[in-house]
Structures are given as structure tokens and as C-alpha cells.
Amino acid sequence: MWHPTLPPFRKFKKQQLDKIALISQFIYQIGESPILRQVSSSVNLNEISTIDFKKKIEYLKRCMRRYRKIAGMGRGITAVQVGIPEKFSVIYMPEIKNELLIIINPVITKSSEDKLLYPEMCMSVNPAIAPVVRPSWIEFEYYDEEGIKKTWDRRADDALGVMYNRVLQHEIDHMNGVVNIDLVQSKDIIFESDPVFYKNAKFTKVNLFKDQ
Ligand SMILES: [Zn+2]
């Protein structure tokens, strides 16, 4: 007798989608507002020390922590994702910085020729995963939350360096209205449906035959 073949990981998907319902209460999702596809405006440096801007940073930090509490993961969030179309991000970086790194108005000055493939999730594109190819590291200048100019030049020499360089590129893209799924073909988009898929995700080198 015929029975329908139901899709796999149904119980897991239910848990995932319940989390997404909570997350989408405070994180904008693609398609529901044009701001995720627009270039955010640069932060006026005179504003960094104002109470209003500090409030925005605190709010973004709170959203980061809240996301991590719900999802149990999450490394970067950019202001536009919580409805503030201005160029700043919060990166969860407990291994390097005092928990959270703030980057304001980053400008990329160098990027590696080596490229890596990695299946990226995005808080605004749940539950899709996009296998995106990006340089393994970048260098950029930015302002911190005190308004001091800094340089990011940590190379992808170890697992943490690889991961942070990836997260930072993803967040800087958000400031320019680019979302991870824009960088792949639609047929390559994966649905987060397997409890171990993302846990086991690995970076893969893609340009094995670069001429150098
Ligand atoms: Zn994202």
C-alpha cells in the first residue's frame, strides 16, 4: 500500500523554524523591507560620541546577544539588519576582543588572492545557507566605538583567523546592500534541515591552480 514519503528532519525543522519566528521579531528578513538591499550611509564621525549613537550601538549589541541566546550561534550582525541603515557592525569575538568588536565605516584596502568556499548562514536569510566563495582574508580600516581609527589585518593563519575574516566580509557586504544569497546561484542554496550540517561545515580552498 502506498504511503507518502515525508521529507527528512521534520522534528529538527520544526525547532529551527520556531527559533526563526522569534528571531524575525527583531531582525529584518529579506524581502520585507528594501533597506537590506540598499547601501547604508556612513556614520558621521562627530556623531560617534553622541548619546543617540551610543544607544544604537547598545541596541545592536543587545540584538547580537539575544540572537545568540535563541539560536545558540551567530558571529556578526550589522545595523541595517535591525533597521538602522548606517555602516556599523557588532562581531561576537570572545577569543580576541572583550566579547564584542564594533566596526564603523570599514573600508577594505586589501584582499587575498586565495579564496575559500564556505556555507554561510545569515540572520536575515533564515533558514537558507549559501555556499559563498570569498577571499580568505581582507585588510580594512575602520573606526571603533570611541571614534579611533583602527586597522584589521589579522590573516587567515588559523581557524579563528579564517572564520573572523569570513564573518567580517559578510557583515561589510550587508553595509553595501549585499546578502549572501546574492553571491551564489539559486540552485546552490541549501535549506538548513540537518542538525549536523552546519556544525560540520568546513572551509574549502577553491583556487588550487592560481598562477603565482
Ligand atoms: Zn548576514
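This is a short tour of a predicted model, one selection at a time.

**Start with the whole chain**

Show the chain as a cartoon. Its secondary structure comes to 3 helices and 9 strands. Read along the sequence, the pattern is α-α-β-β-β-β-β-β-β-α-β-β. The radius of gyration is 18 Å, close to the 17 Å that the globule rule gives for 212 residues, so the chain is as compact as a globular protein of that length. Along the principal axes, the C-alpha atoms fill a box of roughly 70 × 45 × 30 Å.

Now switch on the surface. The accessible area comes to about 11,800 Å², and carbon and sulfur atoms hold 53% of it. Of the 212 residues, 46% count as buried. Among contacts with a separation of 6 or more, 70% join residues 24 or more positions apart.

**Select the zinc ion**

Which residues are the protein donors of the zinc ion? Show C122, H170 and H174 as sticks. The donor atoms are SG of C122 and NE2 of both H170 and H174, lying 2.0 to 2.2 Å from the ion. C122 lies in the loop between β4 (115-120) and β5 (128-135), while H174 is in helix α3, so this pair ties together parts that are 52 residues apart in sequence. The spacing of the donors along the chain is C-x47-H-x3-H. Are C122 and H174 buried or exposed? Both are buried.

**Follow helix α3**

Select residues 159-175. This is helix α3, with 17 residues. At 1.5 Å a residue it should span 24 Å; its end C-alpha atoms are 25 Å apart, which agrees. The helix is mostly covered, with 15 of its 17 residues buried. Step just past its end to G177, which takes a positive phi of about 75 degrees.

**Move to strand β6**

Select residues 138-143. Here 5 of the 6 residues of β6 are buried, so the strand is largely enclosed by the rest of the structure. Add residues 100-111, which form strand β3. β3 and β6 pair in the antiparallel sense over 5 bridges. Within that pairing, find V107 opposite E141 in β6.

Next add residues 149-152, strand β7. β6 and β7 run antiparallel and are joined by 4 bridges. Look for Y142 opposite K150 in β7. The hairpin of β6 and β7 has 5 residues between the strands. One to pick out is G147, with a positive phi near 85 degrees.

**Find the open sheet**

Select β4, β5, β8 and β9. What is the order of the strands in this open sheet? The order is β8-β5-β4-β9, with antiparallel pairing. β8 (190-191) and β9 (204-205) stand at the edges with a single partner strand each, so one side of each is left without a neighbour in the sheet. Zoom in on β5 and β8, which pair in the antiparallel sense over 2 bridges. Here A128 stands opposite F191 in β8.

**Last stop: I70**

Select I70. Its place is in helix α2 (residues 51-71). Which residues is I70 in contact with, leaving aside its neighbours within four places in sequence? Show K19, L22, I23 and F26; these are the contacts of I70. Then draw a line between the C-alpha atoms of I70 and E32. The two are 38 residues apart in sequence and 21 Å apart in space.

Conventions. Residues are numbered from 1 along each chain as its sequence is written. This is a predicted model: local features need pLDDT of at least 70, side-chain atom pairs count only at pLDDT 80 or more; totals for chains, interfaces and linings use all residues. Side-chain values use heavy atoms; hydrogens and water are left out. Buried means under 20% relative accessible area, exposed over 50%, partly exposed in between (1.4 Å probe, protein chains only). Two strands pair if DSSP finds at least two bridges between them. The expected span of a helix is 1.5 Å times one less than its number of residues. Donors are N, O and S atoms within 2.8 Å of the metal (3.2 Å for Na, K and Ca); water is not among the atoms, so sites may look incomplete. Contact means heavy atoms within 4.5 Å. The radius of gyration is taken over C-alpha atoms; the globule rule is 2.2 Å times the number of residues to the power 0.38. Accessible areas come from the Shrake-Rupley method with a 1.4 Å probe; for residues, only the protein chains shown count as cover.
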